[in-house]
Structures are given as structure tokens and as C-alpha cells.
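Work through the exercises below with the sequence and the structure in view. Each task is followed by a solution in steps.

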Amino acid sequence: SMRKPGESVDVLGPLGNGFPSISGKNKKIIFVAGGMGFAPLNLLAKTLNKGVFLFGSRDKAQSVLAKGLKAVKCRVKISTEDGSAGKKGLVTGLLEEEVSKDSVIYACGPAGMLKAVAKIALDAGAKCHVSLERAMACGMGACLGCAVKSAGGHIEENKTYKMVCSDGPVFESLDIDWDMFDER
């Protein structure tokens, strides 16, 4: 706020990795957003401009974000925990209705939701990419503050831990040891 027009600003970015592109024409694209996970998936949905967008929130007031999807060519389904908008329940209930082995799931939201999405995808044989939300101090993987435990799935070099800031924030769901999120 103290900068004047024309002054330079040091910026480091972009950091990490985003969502991968889709291979295969007949894939069913499913976006699963919980709470603040809406923002990155909204941008991805606008880029891909197809699929189904599942959005879960606590109540009707939070579900108002979904109005931003009007310009996207996606089917939109909403769930709220209290039932005040859309279907009553968690967004994972909507996912269970939509998922198939030909699905490609892109998910962002709370860790508990992502863990459930990863399990649903695994059970259905679907591909699933998750964007993790973690506190990131350095943005380059040096401070180890955003470390997540690897399941060893597809992660190169079978590293035990990955840094969300530099190795992510997007991971294939098979690459994360979801049990680590029970420890909090």
C-alpha cells in the first residue's frame, strides 16, 4: 500500500506445479471443491470449460460462490452440510453419484475432504489429482514447513516426504499417505 506507481516490486513465482492436462478424449472430468478450494478449481473449470463441478460448503451463505460458475460450461451440483442449499450432506456424496473408472477428478479443499475423495477415486479406479493446502514459509522447499508424507505411489525417487510448495501443491492422490492427516 505504500508503493507509488512505477516503483518495482520483487516477486518470486510461479512456484510448484499445477493441475496436469487431461489425456484421452472420453474422460469424464469432475471438479470437487470444498470451501476455499473453489478458487483454483473455478479457474481450471473456466480453462477446460467442460465437466461437472461439485461444490460443498457448510451453508447457503458459503455456497454463493458457485454463482461464479455461470460462465463455465459445466454442470454444477451443490451440497451443504446443513441442507440450506443444494443437497444436504458432504460434497463426497455428490462425487459417489458421479464417479466412474473413466473419470478424471480434480479436487481442492480441506484435508479430510481430499482424503475421502482419494478413497472414492481409488475404489472406482478413477484418476485423481489433489491440490493440497498447507502453510508455506519459504516457497522453495528449504524450510520443510509444508512437508507431506509420500505413499510412494508415482513420486519420483521414492522420496519419503514431498514439499507442497515446490513438489506440489498438486499431487496425484496415490502419491500421498493420507493417514498422516489423521495425526492432527
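**Exercise 1. Find the residue in β5 that stands opposite phenylalanine 31, then place the strands involved.**

Step 1. The model is a predicted one. In it, phenylalanine 31 has tyrosine 106 of β5 opposite it.

Step 2. Strand β1 covers residues 28–34, and strand β5 covers residues 103–108.

Step 3. The two strands β1 and β5 run parallel and are joined by six bridges.

**Exercise 2. Determine which strand β1 pairs with through valine 32, and whether β1 is enclosed or open.**

Step 1. Valine 32 stands opposite leucine 54, a residue of β2.

Step 2. Strand β2 spans residues 52–57, and five bridges link β1 to this parallel strand.

Step 3. Of the seven residues of β1, six are buried, so the strand is largely enclosed by the rest of the structure. Buried here means under 20% relative accessible area.

**Exercise 3. Follow the sheet from β5 onward and identify its edges.**

Step 1. Strand β5 is joined to β6, residues 127–131, by five bridges, and the pair runs parallel. Within this pair, isoleucine 105 has cysteine 128 of β6 as its bridge partner.

Step 2. The whole sheet is open and has seven strands, in the order β4-β3-β2-β1-β5-β6-β9, with mixed pairing.

Step 3. The edges are β4 (87–88) and β9 (170–172); each has a single partner strand, so one side of each has no neighbour in the sheet.

**Exercise 4. Describe the chain as a whole: its elements, its compactness and its extent.**

Step 1. Count the elements: the protein chain has five helices and nine strands. Along the sequence they follow the pattern β-α-β-α-β-β-α-β-α-β-β-β-α-β.

Step 2. Compare the radius of gyration with the globule rule. The value for the chain is 17 Å, close to the 16 Å that the rule gives for 184 residues, so the chain is as compact as a globular protein of that length.

Step 3. Read off the extent: along its principal axes, the C-alpha trace spans about 45 × 45 × 35 Å.

**Exercise 5. Summarise burial, contacts, surface and charge.**

Step 1. Of the 184 residues in the chain, 40% are buried.

Step 2. Take the contacts between residues at least 6 apart in sequence: 52% of these join residues at least 24 apart.

Step 3. The accessible surface is about 10,400 Å², and carbon and sulfur atoms account for 53% of that surface.

Step 4. The chain has 25 positive and 20 negative charges, and their mean positions lie 8 Å apart.

Terms used
Residues are numbered from 1 along each chain as its sequence is written. This is a predicted model: local features need pLDDT of at least 70, side-chain atom pairs count only at pLDDT 80 or more; totals for chains, interfaces and linings use all residues. Side-chain values use heavy atoms; hydrogens and water are left out. Helices (H or I, at least four residues) and strands (E, at least two) are DSSP runs, numbered from the N terminus. The radius of gyration is taken over C-alpha atoms; the globule rule is 2.2 Å times the number of residues to the power 0.38. Buried means under 20% relative accessible area, exposed over 50%, partly exposed in between (1.4 Å probe, protein chains only). Contact means heavy atoms within 4.5 Å. Accessible areas come from the Shrake-Rupley method with a 1.4 Å probe; for residues, only the protein chains shown count as cover. Lys and Arg count as positive and Asp and Glu as negative; His and the chain ends are not counted. The place of a charge is taken as NZ of Lys, CZ of Arg, CG of Asp or CD of Glu. Two strands pair if DSSP finds at least two bridges between them.
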